[in-house]
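Here is my note on the model you sent round, written as numbered points. Please read it with the structure open beside you.

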Amino acid sequence: MESLADILEQELEEAVEVKNKRSLHRYITLLTENLVRQDRNERERSEFREAIIRIDTRIEEGFKRMDERFEAMQRTMDERFESMQRSMDERFGAVQKSMDERFTSVDKRFDMMFKFMTTGFVILATMMSVYQFLA
């Protein structure tokens, strides 16, 4: 940039009548400093933009990984739920079968009890009828 300042100062000095060389030097110095600042600002802006793009990319990748983890966890939880559901269904089926067997057993006992009671009453009624008929 210093060579640019020297070139600008010489060109301006030749193009225009210079009354104060120090003033011309200050003008060129300010002008080139402004150009240097603009160049530096552009570079920093470009660097910031690239940094922001990298950060954005990393954030997107992080969200994708989180989504993948959540989906994997969801699949695991679904599998666990389905396994628990099958286990509960099996246990319920076993309990239901056991209750059905008990009910059937109790039902058979009541049937036999009523058959014996009916048979007993029939025998008793027959004996009473025979006794009254013979007596």
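The points below take up the annotated segment, the surface, one buried residue and the charged pairs.

1. The first thing to keep in mind is that this is a predicted model. Every distance and accessibility in this note is therefore a value computed from a prediction.

2. The UniProt record, an unreviewed entry, places a "transmembrane region" at residues 112-134, and such an annotation may be inferred rather than shown by experiment. In the model, the chain over residues 112-134 is 100% helix and 0% strand, with the C-alpha atoms at the two ends lying 32 Å apart. Helix α2 itself covers residues 21-134.

3. A nonpolar patch on the surface deserves attention alongside that annotation. The patch is formed by Val-106, Phe-110, Met-113, Phe-114, Met-117, Phe-121, Leu-124 and Met-128, and together these residues have about 790 Å² of accessible area. Met-128, one of the patch residues, is found in helix α2. With a relative accessible area of 48%, Met-128 is classed as partly exposed, because the exposed class requires over 50%.

4. Thr-32 offers a contrasting environment, and I would look at its surroundings with some care. This residue lies in helix α2 and has a relative accessibility of 6%, so it counts as buried, the limit for that class being under 20%. What does Thr-32 touch, leaving aside residues up to four places away in sequence? The contacts are with Ala-5 and Leu-8. In addition, a polar atom of the Thr-32 side chain lies 3.0 Å from the backbone oxygen of Thr-29.

5. How many salt bridges does a search of the whole structure find? The search returns three, and I take them in turn. Glu-33 is paired with Arg-37, and the closest N and O atoms are 3.8 Å apart. The two residues are four places apart in helix α2, which means that about one helical turn separates Glu-33 and Arg-37. Glu-33 is partly exposed at a relative accessible area of 35%, and Arg-37 is partly exposed at 45%.

6. Another salt bridge joins the side chains of Asp-39 and Arg-43, with an N to O distance of 3.5 Å. Asp-39 and Arg-43 are likewise four residues apart in helix α2, so they are separated by about one helical turn. Asp-39 has 38% relative accessibility and counts as partly exposed, while Arg-43, at 46%, also counts as partly exposed.

7. The remaining salt bridge is between the side chains of Glu-42 and Arg-45, at 3.9 Å from N to O. As the cut-off for a salt bridge is within 4 Å, readers may wish to keep that value in view. Glu-42 and Arg-45 both lie in helix α2, where they are three residues apart, about one turn of the helix. Glu-42 counts as partly exposed at 47% relative accessibility, and Arg-45 is partly exposed with a relative accessible area of 48%.

8. Finally, a point on Glu-90, which also lies in helix α2. Is Glu-90 buried or exposed? Its relative accessibility is 59%, so Glu-90 counts as exposed, the threshold for that class being over 50%. The C-alpha atom of Glu-90 is separated by 43 Å from that of Glu-61, and the two residues are 29 positions apart along the chain.

Key
Residues are numbered from 1 along each chain as its sequence is written. This is a predicted model: local features need pLDDT of at least 70, side-chain atom pairs count only at pLDDT 80 or more; totals for chains, interfaces and linings use all residues. Side-chain values use heavy atoms; hydrogens and water are left out. Buried means under 20% relative accessible area, exposed over 50%, partly exposed in between (1.4 Å probe, protein chains only). A polar contact is a pair of N or O atoms within 3.5 Å; within protein, one must be able to donate a hydrogen and the other to accept it, and residues adjacent in sequence count only if both atoms are side-chain atoms. Contact means heavy atoms within 4.5 Å. Patches are made of residues with over 30% relative accessible area and no salt bridge: like charges are joined within 9 Å, nonpolar side chains (Val, Leu, Ile, Met, Phe, Trp, Tyr) within 5 Å. Accessible areas come from the Shrake-Rupley method with a 1.4 Å probe; for residues, only the protein chains shown count as cover.
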